[in-house]
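User: Hi! Could you walk me through the sheets and a helix pair in this one?
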Amino acid sequence: MSDACCAHPEDDHTDDHDDHGHGHGESVERLWDVDEIRGAAASGVLLAAGFLLSRAGQDGWSLGLNIVALVVGASTFVPGTLRALAKRRIGVGTLMTIAAVGAVLLGEVQEAAMLAFLYSISEGLEEYSLAKTRTGLRALLSLVPERATVRRDGLEVGVAPKDLLVGDVMLVKPGERLATDGTITAGRTALDVSAITGESMPVEAGPGAEVYAGSINGTGALEVEVTTTAENNSLARIVHIVEAEQSRKGATQRLADKVAKPLVPGIMVLAALIAAVGSLAGDPGLWIERALVVLVAASPCALAISVPVSVVSAVGAGSRFGVLIKGGAALETLGRVRTIALDKTGTLTANRPVVVEVTTAAGISRDEVLSLAAGLEARSEHPLARAILAASDTVPAASDVEAVTGAGLTGTIGVRRVRLGRPGWIDPGGLAAAVTAMQQAGATAVVLEVDGRVLGAIAVRDELRPEAREVVARLGREGYTVTMLTGDNAATAQALAAEAGITAVHAELRPEDKSRLVSTLRAQGTTAMVGDGVNDAPALATADLGVAMGAMGSDVAIETADVALMGDDLRLLPQALAHARRSRRIMLQNVGLSLALIAVLIPLALAGILGLAAVVLVHELAEVVVIANGVRAGRSKDLRTLTAPVGTSTATPVTAGR
């Protein structure tokens, strides 16, 4: 990604940046780390010193400092422009270079240096945005363990994941991560597969079940036959999708280059015609001078600086209310979004399972069922245990507690023999209908049995965030199409989607499935994907815009996304969208004003009504205006209207054609 400003031609994006001091692949922590910004600062200091010396009557020294300022400022963009020209590619940098040369030929070295100074600032802001966007997939790669245990020639040996072969038998102990994809040949367990599928609850798995790299084994020891190498497993596919989509988005044409492509050659041809035709019809010196004045008049000084200023202001303002926006292209795209795909676990839900229902047998109280269940769960590390313990007021002491892999728990409380586990392992008996209803409502059900008698059933579910329904309703009012994408089971997805007010639901998706569906949605309009986990990374990268839930999200989701909501409150999403729409309008206003200025100055310069001094003055005044307008994107009094309570729509509704 890059700021939607005015640096390099789209097709030469990578070439131009490769020679810049800090660009692709390097770590930039501060704005000052960017070579273009340091160059702009040096150029600005030299310009200021030259101006002061000129006022003091030291014109010779002033000229010398202006020349050095010009060289320093131009060094940030002229080399890249020349390389692009050698490949027959032109952009705003081309026009800026010609404008600076024209000003020098007219004897206005200070004006040429000013152009180079302003443009080097815009280049530095863009380069900073590029370098800070995404740093890699460290969090994803860390899901693969450093060593895997395999059985070879009757011996157990440790090998690096890259040395695993198809057909090897991995021995996976409780709590270990799987090093690659495979099929269970022996053992039963409950797998935490949230990093791969987004499933909010552990998945029971036994012989014949497919398992994926990065999954966390539960309490059972497993033997897994390797079915894919480390280079081709599920995590490797995620990396491939992310890298491919990031490359695609890195070449996105930027706003000012769209303007520059027809503008630059048009201005060059016009200036050449003015010089040639005028020379044939009259004084060659006069018409060559007018042609150069026209060229300077057409230089997009305001365009070069105004968009980056708008971007920096808007991005800074977003960060103050908890939204991290990664650069101008992300800001512009966020303002154009029409379709929003929402992940379920950790995005619409809080990723904290809670007890939602307790059904009891005749004569048994809810508190008794929860208390006995909590007694067993106090000795368990299962995710359901935390939910049941939180729901119970008392936790009796239990002894002889044992975990039955893939089934549940057994133990003794007082003199009573207690079992707690999944339906099927424990026959729910007369509570069968209630258990079925729990499952159809999208909950995980466990049955409590005491001394052979079923006393109750407990439903645990990862509930919607409190604000989720209001946010979905607000997005609908503002004209957005909202879709849920999740790796969770269809019953859970449908139940929660209905509660949230979402009608379009796609469930039981793997990461590549989400990516494919997002590609389909993109064909219908600019699409944002909102997610929080590693499993969302491919979809975040495939979407026109990726939005990560920050506090609950994984590092890889934040690195892959273009926008990160830094808090747990989903209301940040409509606030961010409203802020981006307003900021994009300001950016377009600045572009329009810059182009209108050029359209007015060119005929005035051509007619000789305005000379170089007047053209320069108008350009400088216009720069002040567009910069001031750009700063409006970050005014705090405007942000207060964006953070109104959900249900009070302050944003302009999104309509077709915007």
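User: What is the strand order in the open sheet that contains β11?
Analyst: That sheet of six strands runs β11-β16-β15-β14-β13-β12, with antiparallel pairing. Strands are DSSP runs of E of at least two residues, helices are runs of H or I of at least four, and both are numbered from the N terminus. Two strands pair if DSSP finds at least two bridges between them.
User: Which strands stand at the edges?
Analyst: β11 (349–360) and β12 (399–404) do; each has a single partner strand, so one side of each lacks a neighbour in the sheet. Four bridges join β12 to the antiparallel β13 (residues 408–413), and V404 has G408 as its bridge partner.
User: Is this model predicted or experimental, by the way?
Analyst: The model is predicted: local features need pLDDT of at least 70, side-chain atom pairs count only at pLDDT 80 or more, and totals for chains, interfaces and linings use all residues. Residues are numbered from 1 along each chain as its sequence is written, and side-chain values use heavy atoms, leaving out hydrogens and water.
User: Cool. Switching to helices, at what angle do α18 and α23 pack?
Analyst: About 25°, with the axes of α18 (residues 468–477) and α23 (residues 572–606) 9 Å apart. Axes are lines fitted to C-alpha atoms, for helices over the stretch in contact, and angles run from 0 to 180 degrees between N-to-C directions. The two helices are therefore roughly parallel, the word for angles under 35 degrees.
User: Which residues meet there?
Analyst: V471, R474 and L475 in α18 meet L573, P574 and L577 in α23, where contact means heavy atoms within 4.5 Å.

Methods
Parallel < 35°, antiparallel > 145°, perpendicular 65-115°, else oblique.
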